[in-house]
Amino acid sequence: MKLELRGITKRFPGVVANDNVNLTLNTGEVLSLIGENGAGKSTLMSVLYGMYKPDEGDILLDGSPKVFTSPADAIAAGIGMVHQHFMLVPVFTVAENVVLGVEPTGALGKLHIDEARRMVREISDKYSLDLDPDAVIEDLPVGVQQRVEIVKVLLRDAKVVVFDEPTAVLTPSEIIEFFEIVKTLVSAGRGVVFITHKLKEALNIADRIAVLRRGKVVGEVDPKTATESQIAEMMVGRPVQLIVNKNSASAGDVVLKVTDLTVLDADGRKHVENVSFEVRAGEIVGVAGVQGNGQTELVEALTGLRKATGGTITLDGKDLTHSNPRERHQMGMAHIPEDRQRQGLVGGLSVAENLVLTRYHDDQFSHGVVVDWDAANAIADTLISEYDIRTPSKETGVGTLSGGNQQKVIVARELSRDLRLTIAAQPTRGVDVGSIEYIHSRIVKERDAGTAVLIVSTELEEVMALSDRLLVMYRGRVVAELDPKKSTPMEVGLYMAGSRPDSAVNA
Amino acid sequence: MNIAVDSDAPLLSLEQRKRARNVGFSLVFLGLVSAFLLAGRPGNAGFKLVDTYTVFLPAQPFARALAVALVALGAIQLFRGFGKWTNVVLAIATGTFVIAFLTWAASGGSFSLTGMLQDTVTRSVPITLGAIAGILCERSGIINIAIEGQLLGGAFAGAVVGSLYGPWAGLLGAIAMGVGLSAILAVFAIRFRVDQVIVGFAINFFSLGLTSFLAQRVLTPHPEYNIVRPFTPYAVPLLSKIPVIGVVLFTQTLFVYVSIIAVVVSTWFLYRTRWGLRTRAIGEYPQAAGTLGVDVIKLRYRNVWIAGAVAGLGGAWWPLGTVGRFDQNITNGRGFIALAAVIFGRWHPVGALTAALVFGLSEAIQLKMSNLDTGIPSEFLLMAPYIVTLIVVAGFVGRSRAPKAAGQAYDASK
Ligand SMILES: Nc1ncnc2c1ncn2[C@@H]1O[C@H](COP(=O)(O)OP(=O)(O)O)[C@@H](O)[C@H]1O
Ligand SMILES: [Mg+2]
């Protein structure tokens with residue numbers, strides 16, 4: 001089946017998410033759609049899948065125009081989609097999720113769950129996906145959840161399969177397995193759209209690469225001849241530096257010392273188990289791991305957002321296991337949280353207000369209970385220019401800025417004071433390449449000024465490039481400590497997947 | 001998510017430790033009540049099971065034995081913990097405590113235990129039906145705080161339509177009223193995406209205000225619109241001949257049979273059919289269903305309507321199952337108790353029925369006590385059921401999880 005998108009335009013209030021986009025996908029090929037966060041990739045695919053009505057443009061299948069008013073129409077026309085955020089009901093089994101919407105039923109709508117199981121097993125065997133139809137989704141690792149999504153698409157016999165950033169949640173070895181599945185799909189005559197913002201992957205798997213920037217297709221390249229820096233320049237619109245520039249670290253005294261830290265949640269589930277490590281002044285320690293292996297809870301325990309169930313945390317030798325976040329902040333701890341909308345910023349407040357959010361109560365900014373807005377505004381102006389925050393004004397609501405500039409607001413607030421320890425979680429998630437460069441250089445500068453830095457990121461390349469020492473977390477434990485200069489991503493990836501590199505030759 | 005779950009982990013989360021401790025203290029508390037209050041009356045208490053057979057229990061020794069047992073159990077719970085047996089222990093302990101309470105109250109006399117149990121089942125009807133209405137909504141992602149208003153509207157319509165056209169028509173009228181009120185909830189919550197709790201409260205006030213107004217202005221001057229012949233109990237052939245159970249379960253009005261059927265049918269549909277799978281899906285993660293072509297909006301509308309019908313039927317219980325008339329605010333908060341039953345029952349119809357029976361029992365006991373002339377102030381009697389409720393909440397409910405998407409409006413483009 002040949003798919004064509006002609007002149008697709010989709011506007012949201014204030015943004016043109018897709019601007020006159022033309023794309024073609026032929027039978028049996030992999031088209032990679034590459035672009036920065038916010039370039040409009042997901043929107044374009046939602047238009048194709050009937051979730052958004054395009055303001056202009058047509059969708060053609062084998063030359064005849066189609067109008068999709070709902071996902072049901074798109075599914076019926078042979079289009080399947082694996083969304084960026086998995087569309088799986090966490091409390092349902094694999095079989096229940098797979099048949100949802102096309103349930104095999106009998107009288108009174110009675111569900112034939114055995115039939116559903118059989119269907120899952122059949123497809124799973126045919127494509128060697130190794131799925132247990134009775135497993136409950138929330139107990140499964142993300143890599144397996146993704147295979148469930150693939151079975152959903154295959155069961156509906158999709159001729160065109162769209163994967164929206166499928167590799168973001170996978171370990172390196174899972175990515176290789178995933179590419180194998182893509183190849184099987186293509187050789188069975190299906191077309192695949194593979195969305196990513198990772199250059200290497202696009203070059204690796206695609207037959208053609210289309211580059212999207214600010215809603216427009218800025219060009220198409222042939223992966224056999226294109227280079228990474230060439231594509232990166234197309235994505236960003238200017239030459240970019242893809243590697244982190246840093247000298248080797250000169251580590252000093254121990255600043256952060258974590259001993260036997262254990263964190264349980266309200267249900268008694270163990271998220272962090274007996275974790276011990278140190279971070280010294282002037283070094284960057286990275287924590288790698290697949291999302292959901294306890295990194296979030298580790299950071300929350302270190303920053304005081306969550307109670308530690310066991311173990312101790314000390315900063316410069318002082319025990320702060322039971323200190324609240326403000327006390328930790330005052331002891332020189334900075335926190336760049338992983339979810340800037342929920343934890344780092346107050347979206348409805350202005351840029352200036354967000355910039356003084358952690359110190360409006362300092363003498364410098366307050367007279368008794370009254371905030372001294374002149375002082376606050378003055379510091380905001382300084383920070384906005386120093387950290388190159390692109391905002392219409394300091395009164396602008398922070399929620400309306402782009403992801404990269406929101407992140408710079410947090411970085412500016414957290415790093416613009418004397419620090420002993422900086423904890424940064426997913427510091428560049430959803431941030432444009434230009435800002436990534438900047439944030440990385442700031443973090444390295446902080447290290448060079450003698451601060452201890454802990455970086456937690458699920459982007460393996462990022463932690464490997466930034467850290468001087470690398471810890472790997474798997475199921476709540478630190479399973480490895482590595483020298484990033486002497487390890488390969490593949491090796492780290494095996495630890496991330498819970499196996500040991502030497503014992504898992506054919507993983 | 002990859003979380004190491006270790007069932008016999010030595011560490012318990014704060015929440016679990018707190019709960020285990022609460023259960024321990026509750027047991028000790030009940031034991032002390034037994035020792036100091038319930039053991040204070042000599043004499044035998046008679047529980048009449050059938051006309052010809054009465055069981056006698058010696059009140060004082062029973063309460064003393066229970067006191068020792070409860071304090072011991074509480075101590076074991078506090079120092080060692082019963083682990084997964086906690087709920088069983090607590091259920092048996094509270095059950096026995098209730099019996100001791102009755103023994104104390106009836107010491108030196110006797111009363112019909114069977115009658116009280118029959119009353120329990122009868123009184124659980126509107127709570128059960130209200131709770132099923134709540135479950136149907138919440139399972140599809142709509143919080144239904146308006147159960148109280150729907151019951152009240154159903155009661156009003158049941159009385160008026162029943163007075164004019166007979167009890168069967170009254171039933172239909174009550175159902176129609178329930179659907180009408182739930183349609184308001186549906187439109188505001190689903191179409192206009194108004195906060196569901198606020199819409200629910202508005203419906204409750206609207207329903208209370210409107211029915212009170214009409215009762216004063218129309219029903220008071222026209223009593224002929226407010227007198228209906230309620231359904232009489234129907235003895236199921238054969239089954240009603242079983243001793244005790246025959247009276248408790250099978251000599252009841254239509255409403256009891258209907259609510260038992262409603263529990264069975266709704267359970268079967270929720271867990272065994274396509275409708276149920278989709279309903280649970282849109283209550284947990286509507287986007288997952290929506291991207292597979294399920295019409296989330298339509299299904300939510302439909303389920304809220306069905307829920308309204310069930311709640312309206314529950315409301316009809318007052319005029320058509322008991323008193324034969326409507327009074328201002330006749331439901332008196334039962335809709336909120338039903339909401340509690342949804343939560344205690346963990347969003348499962350059978351669980352809700354169990355919770356409804358516990359509430360029904362406490363109502364029945366309270367009623368019995370005020371007839372028995374126990375010397376307890378009536379204020380305390382009114383309180384007693386809620387003390388039991390608190391213990392139930394502290395102990396049994398522990399971890400319970402609402403449907404994830406309950407309360408969130410659905411937007412197809414997110
Ligand atoms: N539902 C929406 N309402 C308003 N703006 C949106 C919506 N969805 C996406 N956008 C905006 O459209 C642009 C493209 O977003 P998206 O398609 O998600 O990008 P990508 O998938 O390439 O990261 C962004 O600026 C985003 O903020
Ligand atoms: Mg996207």
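**Exercise 1. Which residue follows helix 17 of chain A, and what is the sign of its phi?**

Solution.
- Step 1. Go to the end of helix 17 of chain A. A:G498 follows this helix, and its phi is positive, near 90 degrees. The model is a predicted one.
- Step 2. Now look inside the helix, which spans residues 489-496. The buried residues there are A:V492, A:G493, A:L494, A:Y495 and A:M496.
- Step 3. Find the cover. The elements over these buried residues include helix 6 (172-187) and helix 16 (460-466) of chain A. Strand 13 (284-288), strand 21 (469-474) and strand 22 (477-482) of chain A are also among them.

**Exercise 2. Which protein atoms are donors to the magnesium ion (ligand 2), and why does the pair tie together separate parts of the chain?**

Solution.
- Step 1. List the donors. They are OG of A:S42 and OE1 of A:Q84, at 2.1 to 2.5 Å from the ion.
- Step 2. Place each donor. A:S42 sits in helix 1 (residues 41-48) of chain A, while A:Q84 is in the loop between strand 6 (79-82) and helix 3 (94-99) of chain A, so the pair links parts that are 42 residues apart in sequence.
- Step 3. Check accessibility. A:S42 has a relative accessible area of 28%, so A:S42 is partly exposed. A:Q84 is at 31% and is partly exposed.

**Exercise 3. How many residues of helix 1 of chain A are buried, and what comes just after the helix?**

Solution.
- Step 1. Count. Seven of the eight residues are buried, so helix 1 of chain A is largely enclosed by the rest of the structure.
- Step 2. Name them. They are A:K41, A:T43, A:L44, A:M45, A:S46, A:V47 and A:L48.
- Step 3. Step past the end. A:G50, just after helix 1 of chain A, has a positive phi of about 80 degrees.

**Exercise 4. Are helix 5 and helix 7 of chain B roughly parallel or roughly antiparallel to each other?**

Solution.
- Step 1. Take the geometry. Helix 5 (residues 147-165) and helix 7 (residues 196-219) of chain B pack at about 25 degrees, with axes 7 Å apart.
- Step 2. Apply the cut-off. Angles under 35 degrees count as roughly parallel. Helix 5 and helix 7 of chain B are therefore roughly parallel to each other.
- Step 3. Assign the hand. Helix 5 of chain B passes helix 7 of chain B in a left-handed crossing.
- Step 4. List the contact. Helix 5 of chain B contributes B:I147, B:E148, B:G149, B:L152, B:G153, B:F156 and B:V160. Helix 7 of chain B contributes B:N204, B:S207, B:L208, B:T211, B:L214, B:A215 and B:L219.
- Step 5. Sort by class. The contact of helix 5 with helix 7 of chain B has eight nonpolar, five polar and one charged residues.

**Exercise 5. At what angle do helix 5 and helix 13 of chain B pack, and which residues make the contact?**

Solution.
- Step 1. Take the geometry. Helix 5 of chain B and helix 13 (residues 334-344) of chain B pack at about 135 degrees, and their axes are 7 Å apart.
- Step 2. Classify. Helix 5 and helix 13 of chain B are therefore oblique to each other. Their crossing is right-handed.
- Step 3. List the residues. B:I147, B:E148 and B:L151 of helix 5 of chain B meet B:R334, B:G335, B:F336, B:A338 and B:L339 of helix 13 of chain B.
- Step 4. Sort by class. The contact of helix 5 with helix 13 of chain B has five nonpolar, one polar and two charged residues.

**Exercise 6. Is A:K408 buried or exposed, and which residues does A:K408 touch?**

Solution.
- Step 1. Locate the lysine. A:K408 is in helix 14 (residues 403-415) of chain A.
- Step 2. Read the accessibility. The value is 5%, and the cut-off for buried is under 20%. A:K408 is therefore buried.
- Step 3. List contacts, leaving out residues up to four places away in sequence. A:K408 touches A:Y387, A:D388, A:I389, A:S435 and A:Y438.

**Exercise 7. Where do A:D260 and B:R193 lie, and what is the phi of A:D260 and of B:R193?**

Solution.
- Step 1. Recall the background. Most residues other than glycine have a negative phi.
- Step 2. Take A:D260. This residue is not a glycine, yet its phi is positive, about 50 degrees. A:D260 is in strand 11 (residues 254-264) of chain A. At 40% relative accessibility, A:D260 is partly exposed.
- Step 3. Take B:R193. This residue is not a glycine either, and its phi is positive, about 55 degrees. B:R193 is in the loop between helix 6 (167-191) and helix 7 of chain B. With a relative accessible area of 46%, B:R193 is partly exposed.

Conventions. Residues numbered from 1 in each chain as written. Chains lettered and ligands numbered in written order. Predicted model: local features only at pLDDT ≥ 70, side-chain atom pairs only at ≥ 80, totals over all residues. Heavy atoms only, no water. Donors = N, O, S within 2.8 Å, 3.2 Å for Na, K, Ca; no water. Helix = DSSP H or I, 4+ residues; strand = E, 2+ residues; numbered from the N terminus. Buried < 20%, exposed > 50% of the residue type's maximum accessible area, 1.4 Å probe, protein only. Axes fitted to C-alpha atoms, helices over the stretch in contact; angles between N-to-C directions. Parallel < 35°, antiparallel > 145°, perpendicular 65-115°, else oblique. Left-handed = near helix turned anticlockwise from the far one by under 90°. Contact = heavy atoms within 4.5 Å. Nonpolar A, V, L, I, M, F, W, Y, C, P; charged D, E, K, R; others polar.
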